[in-house]
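Thanks for coming. I will go through one chain today, with the sequence and the structure on the screen.

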Amino acid sequence: MKQLTNITDPIYTKPAAYTALDRFLLRYIRDERDLPFVYLTLQITFTLWPLALLLYIPGLNNWVWWTVAIAYQFMNNVTFKGPFGLMLHCTSHRVFFDRKYQLLNHYLPWVIGPLFGQTPETYYSHHIGMHHPENNMPEDESSTMAYQRDSFKGFMHYLWRFYWGGVYNLACYFSRKKRKNLMVRSIRGELFFIFACIGLSFVNFPATFVVFILPLLISRVIMMVGNWAQHAFIDAADPDNAYKNSITCINTKYNHKCWNDGYHISHHDKPNMHWTEHPIYFKKTLGLYIENDAIVFDGIHFLHVWLWLVAKRYDLLAKHFVDIGGKYSSDEEIIAFLQSRTNPVTVVAEPTMAAA
């Protein structure tokens, strides 16, 4: 186990001076703290899109095509996938561009997102319209509650269900909740992506597979791995409590690369809080973490949690577990605690009173 030490995750420090380019770009965004998002967007635009277009050039030399394809996949999945995905997450919660430039807010989901397999507006509809309101409870179509969460078989069933029924189930959810606008947005984005891929496949199927289809397949696995790890440890007695159904990962390079995404408890507690505020908020509200037996890991991120969990390597999880309340005397006690929170959880609806 670990003891809580200094927090090394990024917070906002106002620069002593902005460059001329900074000042120009700041005119377009709502929050100066999001300036790194603008630069990331520009990097992706002038890296991935040129590589993608190269793959569609007819008659391109075979070895050149494969070199570009490998470069595209490396840049997409290793360099940019995490930072982009969490930038899309942050800008879904907090509007990116100023109201005067409202049209630019469609750039990430409609122009950049498809390169990463993010069908336009489906992520927003799912995450903002369904996941946060339902908070991993049974009506959350991505809920982990019903599964044995230290089981690889359980995860594969969870992934299979999402792959083949995710958008359909999401549309059914919005229909039940009478939220037609979000239902239309989620279906529209999914159909646009599917028909675009079909059309482009007639132009150049290998390029379409590399540029759009493979990133889609990878992204949906990564998203489900992340959600599984974020909501793997649930207190059956209080499953709707964000401090007891989510985890926090601190002091990891992942938080520097992916905008403090490790702070999932505080994100569910304060969904619209700016990503730079989470480390400070964590320290301010540490008492709530202790009071709720919240699970905090130090030095690892969600991929470690998922891998070690489905491999049942509780010893490694216990090694990075932070004993924030000084409650545990051994790793064995921590392991028993973690195991107690991975069993399937069933929520029984309260009976309704019959009308008199």
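Start with Trp308, which sits in helix α14. This is a predicted model, so everything I quote is computed from it. Trp308 has a relative accessible area of 15%, and since buried means under 20%, Trp308 counts as buried. Leaving out residues up to four places away in sequence, Trp308 touches Ile300, Arg313, Leu316, Leu317 and His320. Asp150 is 158 residues away from Trp308 along the chain, yet the two C-alpha atoms are separated by 8.5 Å.

Asp150 comes up again with Tyr314. That tyrosine is in helix α15, residues 314-320, and is buried at 4% relative accessible area. Apart from neighbours within four places in sequence, Tyr314 is in contact with Asp150, Leu309, Ile335, Leu338, Gln339 and Thr342. For Gln339, 25 residues from Tyr314 along the chain, the C-alpha separation is 8.1 Å.

Two of the residues I have just named also belong to the core. The largest nonpolar core has 73 residues, and the members touching the most others are Phe233, Phe297, Leu317 and Leu338. Which helix gives the most to this core? That is α8, residues 180-230, with 11 residues. There is also a second, separate core of 12 residues, and among its members are Ile250, Tyr263, Val296 and Ile324.

Now α8 itself. How far apart are the end C-alpha atoms of this helix of 51 residues? They are only 29 Å apart, whereas a straight helix at 1.5 Å a residue would reach 75 Å. Look at Asn204: α8 has a kink of about 130 degrees there, and the proline Pro206 comes shortly after.

Compare that with α4, residues 62-93. Helix α4 has 32 residues and spans 43 Å from first C-alpha to last, close to the expected 46 Å. Helix α4 does bend, by about 65 degrees at Phe80, and Pro83 follows within four residues.

Back to α8, for its packing partners. Take α14 first, residues 302-310. The axes of α8 and α14 are 8 Å apart, and the packing angle is about 75 degrees. Angles of 65 to 115 degrees count as roughly perpendicular, so α8 is roughly perpendicular to α14. On the α8 side the contact is made by Val225, Trp228, Ala229 and Gln230. On the α14 side the residues are Phe302, Leu303, Val305, Trp306, Leu309 and Val310. Leu309 is the residue we met as a contact of Tyr314.

The other partner is α6. Its axis and that of α8 come within 7 Å and cross at roughly 10 degrees. With the limit for roughly parallel set at under 35 degrees, α6 is therefore roughly parallel to α8. From α6 the contact uses Thr122, Tyr123, Tyr124, Ser125, Gly129 and His131. From α8 it uses Leu182, Arg185, Ser186, Gly189, Glu190, Met223 and Asn227.

Next, two backbone points. Glu121 lies in the loop between α5 (107-112) and α6 (122-134). Its phi is near 70 degrees, a positive value in a residue other than glycine. Glu121 is buried, at 9% relative accessible area.

Asp293 also has a positive phi without being a glycine, here about 55 degrees. Asp293 is in the loop between α13 (286-291) and β2 (295-298). Is Asp293 buried or partly exposed? Its relative accessible area is 27%, so Asp293 counts as partly exposed.

Last, two single residues for anyone following on the screen. Cys172 is in helix α7, residues 152-176, and is partly exposed, with a relative accessibility of 26%. The C-alpha of Cys172 is 9.7 Å from that of Glu141, which is 31 residues away along the chain. Ala237 lies in the loop between α8 and α9 (242-245), and at 72% relative accessible area this alanine is exposed. Ala237 and Gly85 are 152 residues apart along the chain, with 33 Å between their C-alpha atoms.

If you take one element away, take α8: this helix gives the most residues to the largest nonpolar core, is kinked at Asn204, and packs against α14 at about 75 degrees. I will stop there.

Note on methods
Residues numbered from 1 in each chain as written. Predicted model: local features only at pLDDT ≥ 70, side-chain atom pairs only at ≥ 80, totals over all residues. Heavy atoms only, no water. Core = buried A, V, L, I, M, F, W, Y, C linked by side-chain atoms within 4.5 Å. Buried < 20%, exposed > 50% of the residue type's maximum accessible area, 1.4 Å probe, protein only. Expected span 1.5 Å × (residues − 1). Bend = angle between axes of the 7 residues up to and from the residue. Axes fitted to C-alpha atoms, helices over the stretch in contact; angles between N-to-C directions. Parallel < 35°, antiparallel > 145°, perpendicular 65-115°, else oblique. Contact = heavy atoms within 4.5 Å.
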